[in-house]
Amino acid sequence: MGIPLKYLLPLSVFLTGLLILLIESYVQKNIAYEEMAEENIQQAKIVGNRLTSRIALESKSNGIVREKIVSLISPYMADTLDQVDVYDEDLNQLFTRSLSAHKNHKMSINLETSKKVLQEQFSHLRYDKSSQHVIGYFPVDLQIKKGEVNYRNTGVMHLVFDVSKANEETGRSILNRFLLNMSIIVTMVFSFSLLMYFLVFKRLNALHKATQKLSEGNFDVYVESKGSDELTHVIATFNNMATEMLNYKETMEEKVEHALKERTEQTKLLIQQSRLASMGEMIGNIAHQWRQPLNALALLVQKLQLFSQRGKLTQEIMEENVTKAIQIIENMSTTIDDFRDFFKPEKQKELFDLKEVVHDVMSLLDASFAEKNIKVDIRIEQPKCEIYGFKNEFAQVIINLLNNSKDALNEKNVKEGKISIVGKLHKGYVALDISDNAGGIPEEIIERIFEPYYTTKEEGKGTGIGLYMSKMIVEDNMNGRIQARNAGDGVAFHMTFKKFEGKNT
Ligand SMILES: Nc1ncnc2c1ncn2[C@@H]1O[C@H](COP(=O)(O)OP(=O)(O)OP(=O)(O)O)[C@@H](O)[C@H]1O
Ligand SMILES: [Mg+2]
């Protein structure tokens, strides 16, 4: 049922009290009415007996005289006696009298009862509940005068008592009692409710509010409760539980924070590791990058030697070639600087230009890609596509993707390898697509390539952390998204970054 206990309990107490009261009143009323009827009958009997003996006595000396009977019955008539009839033994009416108000409603005698009373010489009384009358039949000795002769006769006196007034009083006293009991019950229910409110419901309410807070995740709750009753124990247990939960939550938060920190540290370490791993590969790239300038330097030196042998080495030729050599050496030095910069750990996020990073990366890689006959096509839209994050980490992502394409093209022996790098600004996003023509990734494994240590390469050739790292850098560190799909005759990696809206833009 939907009724709250705080209403249901007093209501049920009240209804139970009311029911008991009604039953008790009903029983009491019946008992009272029965007692009253009995008393009325007794009273009527006394009056009847008294009257019959007086009438008998009177008629003995003077015969039955109307005036005499009237004077005998009149004191009773004022009280409850309503009607008096006297009949002789042949049931001829000798006398009748009733209260003026009831004259028209005179009660006639019951012949059968009258005959029985005459026969048995025993009075008969009954209480008529519906009309609230006591009707009595009494045998009476009469001396009836006929002319000058008195002769004896046994008659019947019929008396009717109106007891409705007396009944009314009884009814009133029952009602009064009912009202008294009722007010006792109401007072009881009221004090019971008050008691229940302060002892139980007020505290239950506080407990309920606290549990609600708890369910909303607010563990910092405490319910006040004094005393040593059962509810106090429940509340104390609840408070303990809340404290435990709060402690538990705090410990958990600490643990989670710790775990997150650890994870961040591990991620950093992984990034560093993977960067170091590609360092070896990059040194190979530098070798490629330097091959052409080294050749050029060698040629210059040979040229100078030749001029010198022929005695044609003028100051002018010398200076021209030294300038050229210095230029070449500077370029080679820049490659080294780029390489060193790339492996420097970064402390702060910054806003960088996508085009710039891609060109920096390509300046380190283009020689080795050219050697493998792989064409890298770069199209990055103007105005500037700017991204916010760690620049070198992002460069690492591009290197990972380019190296994967290079590996795939190499593995599949694609004669004319092509990699395209397309950057665009699109509805508040910077989008970067890197795709190749190395045949793509089988659909059944494409879901797994971002998993850590997932690789299809032979042992020693791949660790399987390249794409895992890249995803972590893009999604966790730079708030971007990276996805892979097969498109055309290869794979397309699609990256998006929210356009930087900070104070630098
Ligand atoms: N461009 C691509 N074409 C075809 N397959 C690719 C391409 N890029 C990635 N894959 C597949 O995804 C796998 C996972 O790549 P990921 O870079 O994570 O690891 P790896 O290259 O195998 O090893 P690592 O990069 O750690 O040296 C690769 O082994 C390869 O099967
Ligand atoms: Mg890889």
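**Close-up views of a predicted model**

**Figure 1. Leu-15 in helix α1 of the predicted model.** Leu-15 counts as exposed, because 11 C-beta neighbours fall inside 10 Å and the limit for an exposed residue is 12 or fewer. Helix α1, where Leu-15 is placed, covers residues 5-62. Between Leu-15 and Ala-32, 17 residues apart along the chain, the C-alpha separation is 25 Å.

**Figure 2. Confidence and domain division.** The protein has a mean pLDDT of 87, with 96% of its residues at 70 or more. Confidence is lowest in helix α2 (residues 66-77), where the mean is 81, and highest in strand β11 (residues 481-487), where it is 96. The division into domains gives domain 1 as 5-172 and domain 2 as 346-498. A distance of 122 Å separates the C-alpha centres of domain 1 and domain 2.

**Figure 3. The largest nonpolar core, with 44 residues.** Leu-354, Val-357, Phe-394, Ile-398 and Ile-473 have the most contacts inside this core. Its greatest contribution, nine residues, comes from helix α8 (residues 391-411). Not counting residues up to four places away in sequence, Ile-398 touches Val-357, Val-358 and Val-361. A second core, separate from this one, has 25 residues, including Ile-55, Ile-73, Met-157 and Val-163. In soluble globular proteins, nonpolar side chains tend to be buried together.

**Figure 4. Helix α5, residues 230-309.** At 1.5 Å a residue, the 80 residues of α5 should span 118 Å, and the 114 Å between its end C-alpha atoms agrees with this. A bend of about 35° occurs in α5 at Arg-291, and a proline, Pro-293, follows within four residues. Just after the helix, Gly-311 adopts a positive phi of about 70°.

**Figure 5. Buried positions of α5 and the helices they pack against.** Eight of the 80 residues of α5 are buried, so the helix lies largely in the open. The buried residues are Ile-235, Ala-242, Ile-271, Ser-274, Arg-275, Met-282, Asn-285 and Gln-289. Their packing partners are α4 (164-215), α6 (315-342), α7 (354-371), α8 and α10 (466-477).

**Figure 6. Asn-413 in the loop between α8 and β9.** Most residues other than glycine have a negative phi. Asn-413, although not a glycine, has a positive phi of about 55°. Asn-413 is exposed because 8 other C-beta atoms lie within 10 Å, the limit for this class being 12 or fewer. Strand β9, on the other side of the loop from α8, comprises 417-426.

**Figure 7. Tyr-453 and Thr-455 in the loop between α9 and α10.** Helix α9, which precedes the loop, covers 443-446. Tyr-453 is another residue other than glycine with a positive phi, here near 60°. Tyr-453 is exposed, with 9 other C-beta atoms within 10 Å, whereas Thr-455 is partly exposed, with 15. The count for Thr-455 places this residue in the partly exposed class because it falls between the limits of 12 or fewer for exposed and 20 or more for buried. Contacts of Thr-455, not counting residues up to four places away in sequence, are with Gly-462, Thr-463 and Gly-464. Gly-466 lies eleven residues from Thr-455 in sequence, and their C-alpha atoms are 9.3 Å apart in space.

Methods: Residues numbered from 1 in each chain as written. Chains lettered and ligands numbered in written order. Core = buried A, V, L, I, M, F, W, Y, C linked by C-beta atoms within 7 Å. Helix = DSSP H or I, 4+ residues; strand = E, 2+ residues; numbered from the N terminus. Contact = placed C-beta atoms within 7 Å. Domains from an automatic or database assignment. Expected span 1.5 Å × (residues − 1). Bend = angle between axes of the 7 residues up to and from the residue. pLDDT = per-residue confidence, 0-100.
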